[in-house]
Amino acid sequence: MSWHRTKILSDNEILTSYRLVLLANYFVGPIYADISQRYGIARGEFVVIFCLHQLGPLTAQDVCDITRHPKNSVSQALSKLVEQGYVKKKSDPEDGRRSFLHLTAKARQLYAKVMPIFREREQSMLSPLTSAERVQFLRILGKLVLRDDDWIQGEDRANR
């Protein structure tokens, strides 16, 4: 490891945050490059497919709220996904101004092909940890992200 990389990963004013972002980038960068090359699907597009696969029909606003991606990014991703036959929009029978997003069979097939890549990369990323450390790491991450306090709400207010 280069001196520069070691230094910035060991000593900076936002060490925890920097390490988390870098770890996330190391994790997703190669996967999304592969998905883009193989299937022509960009990161933001697959994020939409992932959300819909995990949670079922959602609105575009739901996807924005879940992912914290801006409306214009989600809108662009959805346009491409609809155009390519991965997502169908269906009007909300209770509010015609709103549409629910549904995965097509084509999207479910793509999901089935891509998720093993994510699982394998996650296992590789976590391989230096013992089983007990993995449990502890997941618990700590959950404590940070599964919260509904002023820290999370403050972000919502800042983006309005």
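Is R68 buried, partly exposed or exposed? In this predicted model, R68 has a relative accessible area of 36% and is therefore partly exposed, since the buried class ends at 20% and the exposed class begins over 50%. The backbone at this position also deserves attention: R68 is not a glycine, yet its phi is positive, at about 65°. The residue sits in the loop between helix 4, which covers 60-67, and helix 5, which covers 71-83.

From this loop one may turn to the architecture of the chain. Eight helices and two strands make up its secondary structure. Followed along the sequence, these elements appear in the pattern α-α-α-α-α-β-β-α-α-α, with the two strands placed between five helices and a further three. Along the principal axes, the C-alpha atoms fill a box of roughly 55 × 40 × 30 Å. Among contacts with a sequence separation of 6 or more, 50% come from residues 24 or more positions apart.

The surface and the interior can be described in similar terms. The chain has 160 residues, and 26% of them count as buried. Its exposed area is about 11200 Å², of which carbon and sulfur atoms supply 55%. As for charge, the chain carries 24 positive and 18 negative groups, and the mean positions of these two sets are 5 Å apart.

One local feature of the surface is nonpolar. I140, L144, V145 and L146 together make a patch of about 400 Å². Within this group, L144 belongs to helix 7, which spans residues 131-145. Why can L144 take part in such a patch? Patch residues must have over 30% relative accessible area, and L144 meets this requirement because its value is 39%, which makes it partly exposed.

Charged side chains also pair with one another, and the structure holds six salt bridges. One of them joins K80 to E45, with the closest N and O atoms 3.7 Å apart. This pair links distant parts of the chain, since K80 lies in helix 5 and E45 in helix 3 (residues 43-55), a spacing of 35 residues. How accessible are the two partners? K80 counts as partly exposed, at 29% relative accessibility, whereas E45 counts as buried, at 8%. The salt bridge therefore brings together a partly exposed lysine and a buried glutamate.

A second salt bridge is formed by the side chains of D92 and R98, at 2.7 Å from N to O. Here the acidic partner is again on the buried side: D92 has a relative accessibility of 6% and so counts as buried. R98, by contrast, is partly exposed, with a relative accessible area of 38%.

In the salt bridge between D95 and R97, the closest N and O atoms are 3.0 Å apart. Which class does each of these residues belong to? D95 is partly exposed, because its relative accessible area is 23%, and R97 is exposed, because its value is 78%. Neither residue of this pair is therefore buried. Taken in turn, these pairs place the acidic partner in the buried class for E45 and D92, but in the partly exposed class for D95.

Conventions
Residues numbered from 1 in each chain as written. Predicted model: local features only at pLDDT ≥ 70, side-chain atom pairs only at ≥ 80, totals over all residues. Heavy atoms only, no water. Helix = DSSP H or I, 4+ residues; strand = E, 2+ residues; numbered from the N terminus. Buried < 20%, exposed > 50% of the residue type's maximum accessible area, 1.4 Å probe, protein only. Contact = heavy atoms within 4.5 Å. Areas by Shrake-Rupley, 256 points an atom, 1.4 Å probe, with all protein chains shown as cover. Lys, Arg positive; Asp, Glu negative; His and termini not counted. Charge placed at Lys NZ, Arg CZ, Asp CG, Glu CD. Patch = residues over 30% accessible without salt bridge, like charges linked within 9 Å, V, L, I, M, F, W, Y side chains within 5 Å. Salt bridge = Lys/Arg side-chain N within 4 Å of Asp/Glu carboxyl O.
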